[in-house]
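Open the model in your viewer and set the display to cartoon, with side chains available on demand. The stops below can be taken in order.

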Amino acid sequence: MARYSTRVTSVGGRNGAVASNDGNLSLPVSLPKTLGGRGDATNPEQLFAAGYAACFGNALIHAAQSQGIKLDEQAYRVAAEVGLRPSRAGSFELSVMLEVSVDGLYAETLRPLVAIAHQMCPYSNAVKGNIDVQINLV
């Protein structure tokens with residue numbers, strides 16, 4: 001049984017709106033200009049990137065704490081870049097690049113924490129084997 005679940009409804013596809021059942025999320029969505037759309041609202045790739053970045057950041061915080069590293073949560077930064085590209089099968093697929101930094105930690109300390117976070121993060125686990133995920137330390 002899920003410890004948490006949410007429900008978001010989309011009306012109108014990529015040129016419509018999304019809203020959560022609790023009212024905390026209510027946004028127009030539009031196809032990006034680079035794909036021929038208006039580009040005047042957020043899009044599903046931005047929402048996925050936001051969710052992945054926040055989730056991975058939290059997993060990184062937990063990974064650090066499990067290793068006895070206690071830093072202010074604001075020291076952890078994860079930028080997620082989500083790409084949409086044609087697949088070989090003629091449909092579309094996503095790619096993800098995560099850029100990870102933690103103020104006060106050097107790469108040799110951060111690298112194993114990132115590996116732990118990548119195993120813990122529900123987004124990483126959900127896309128494993130389905131989406132190419134590249135992780136860079138910055």
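What follows is a walk through selections in a predicted model, from the N-terminal strands to the nonpolar core.

**Stop 1: the hairpin of E1 and E2.** Select residues 8-11, strand E1, and colour E2 separately; the two strands run antiparallel and are joined by four bridges. Which residue of E2 is the bridge partner of valine 11? That partner is alanine 17. Five residues lie between the strands of this hairpin, and glycine 12 has a positive phi near 90 degrees.

**Stop 2: from E2 to E3.** Add residues 26-28, strand E3, which is antiparallel to E2 and linked to E2 by three bridges. Alanine 17 can be picked again here, since proline 28 in E3 stands opposite. This second hairpin has five residues between E2 and E3, and its turn holds glycine 23, with a positive phi of about 85 degrees.

**Stop 3: the two faces of E2.** Show side chains for residues 17-20. In a regular strand, side chains alternate between the two faces of the sheet. In E2, Val18 and Ser20 point to one face and are buried, whereas Ala17 and Ala19 point to the other and are not buried.

**Stop 4: the largest nonpolar core.** This core has 27 residues; Tyr52, Phe56, Leu60, Tyr76, Leu98, Val100 and Val102 are the ones that touch the most other members. Select helix H1 (44-66), strand E4 (76-86), strand E5 (92-102) and helix H2 (107-120): each supplies at least two residues of the core. H1 gives the largest share, 10 residues.

**Stop 5: phenylalanine 56.** Centre on phenylalanine 56 and list its contacts, skipping neighbours within four places in sequence. The contacts are Val78, Leu98, Val100, Val114, Ala117, His118, Cys121, Ser124 and Ile135.

**Stop 6: helix H2.** Put a distance label between the end C-alpha atoms of H2: they are 19 Å apart, which agrees with the 20 Å that its 14 residues should span at 1.5 Å a residue. Next, select Leu110, Leu113, Val114 and Ala117, which are buried in H2. These residues cover an arc of only 110 degrees around the axis, so they lie on the same side of H2. The buried residues of H2 pack against H1, E5 and strand E6 (132-137). Which exposed residues are on the face of H2 turned away from its buried side? Rotate to that face to find Glu108, Arg111 and Gln119.

Technical notes:
Residues are numbered from 1 along each chain as its sequence is written. This is a predicted model: local features need pLDDT of at least 70, side-chain atom pairs count only at pLDDT 80 or more; totals for chains, interfaces and linings use all residues. Side-chain values use heavy atoms; hydrogens and water are left out. A nonpolar core is a set of buried Ala, Val, Leu, Ile, Met, Phe, Trp, Tyr and Cys residues joined through side-chain atoms within 4.5 Å. Buried means under 20% relative accessible area, exposed over 50%, partly exposed in between (1.4 Å probe, protein chains only). Contact means heavy atoms within 4.5 Å. The expected span of a helix is 1.5 Å times one less than its number of residues. The arc is that of the directions from the helix axis to the C-beta atoms. Two strands pair if DSSP finds at least two bridges between them.
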